[in-house]
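Trainee: I'm new to this one and would like to learn how to read it. Could you walk me through it?

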Amino acid sequence: MDVLRRNTDYALRMMVSLAKNFDCEPISARQLATEGNFSYQLSSKLLQKLHKAKLVTSIMGPRGGFVLNKEPSKITLMDIINPIQGCVRMNKCLLGGPGCEFKADCPINTKLSCLQLYIDGYLGGITLKELLGTQKKRRTKNGKSKSKE
């Protein structure tokens, strides 16, 4: 079971690329697809979902493409995940609504609910800006930080 689906991974990587180029020229769907090593058609489909969620803006014309609709510090992983695959849930019983007949006395549900709250908070607390910060500094073999440019 994948918690994050492949399309979600692609969307996250596209958003990181757009965040790197925040306040720069737009990036085409084709360029994002090439950088991410997936099809242009899939790139377009995912960008449509991100546009509908108001996370990206499309710019028409020969130098057009896509840009972030907000600053990287205002976009969280959860903001990107939800429009692409929906909520990340550990178990069907955590979706709310009718379900498991054992929910009231279930020790599994109690523990999974705690884990779910942690996951939601963790993914909702990581911004694109934070991801860019971790990407710029990489550890070398001797343990020293090295800036990646």
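**Reading the fold, step by step**

Mentor: Let's start with one residue: Ser17 touches Ile27, Leu32 and Glu35, leaving out residues up to four places away in sequence; contact means heavy atoms within 4.5 Å. This is a predicted model, where local features need pLDDT of at least 70 and side-chain atom pairs count only at pLDDT 80 or more, while totals for chains, interfaces and linings use all residues. Residues are numbered from 1 along each chain as its sequence is written, and side-chain values use heavy atoms, with hydrogens and water left out.

Trainee: Where does Ser17 lie, and is Ser17 buried or exposed?

Mentor: Ser17 lies in helix α1. Buried means under 20% relative accessible area, exposed over 50%, and partly exposed in between, using a 1.4 Å probe and protein chains only. Ser17 has 12% relative accessibility, so Ser17 counts as buried. Across the protein, 35% of the 149 residues count as buried.

Trainee: How many helices and strands does the protein have?

Mentor: Helices (H or I, at least four residues) and strands (E, at least two) are DSSP runs, numbered from the N terminus. Here there are six helices and four strands, in the order α-α-α-β-β-α-α-α-β-β along the sequence.

Trainee: How do strands β1 and β2 run, and how many bridges join them?

Mentor: Two strands pair if DSSP finds at least two bridges between them. Strand β1 (residues 56-59) and strand β2 (residues 65-68) run antiparallel, joined by four bridges. One of the partnerships links Ile59 with Gly65 in β2. The two strands form a hairpin with five residues between them, and Gly61 in the turn has a positive phi of about 115 degrees.

Trainee: And how do I read packed helices?

Mentor: Two packed helices are described by the angle between their axes and the distance between the axes. The axes are lines fitted to C-alpha atoms, for helices over the stretch in contact, and angles run from 0 to 180 degrees between N-to-C directions. Helix α4 (residues 77-85) packs against helix α5 (residues 107-125) at about 110 degrees, with axes 6 Å apart. That makes the two roughly perpendicular; the label covers 65 to 115 degrees, with under 35 roughly parallel, over 145 roughly antiparallel and the rest oblique. Leu77, Met78 and Ile81 in α4 meet Ile119, Asp120, Leu123 and Gly124 in α5.

Trainee: Which residues does Leu128 touch?

Mentor: Leaving out residues up to four places away in sequence, Leu128 touches Met15, Val16, Ala19, Leu68, Pro72, Ile75 and Ile80.
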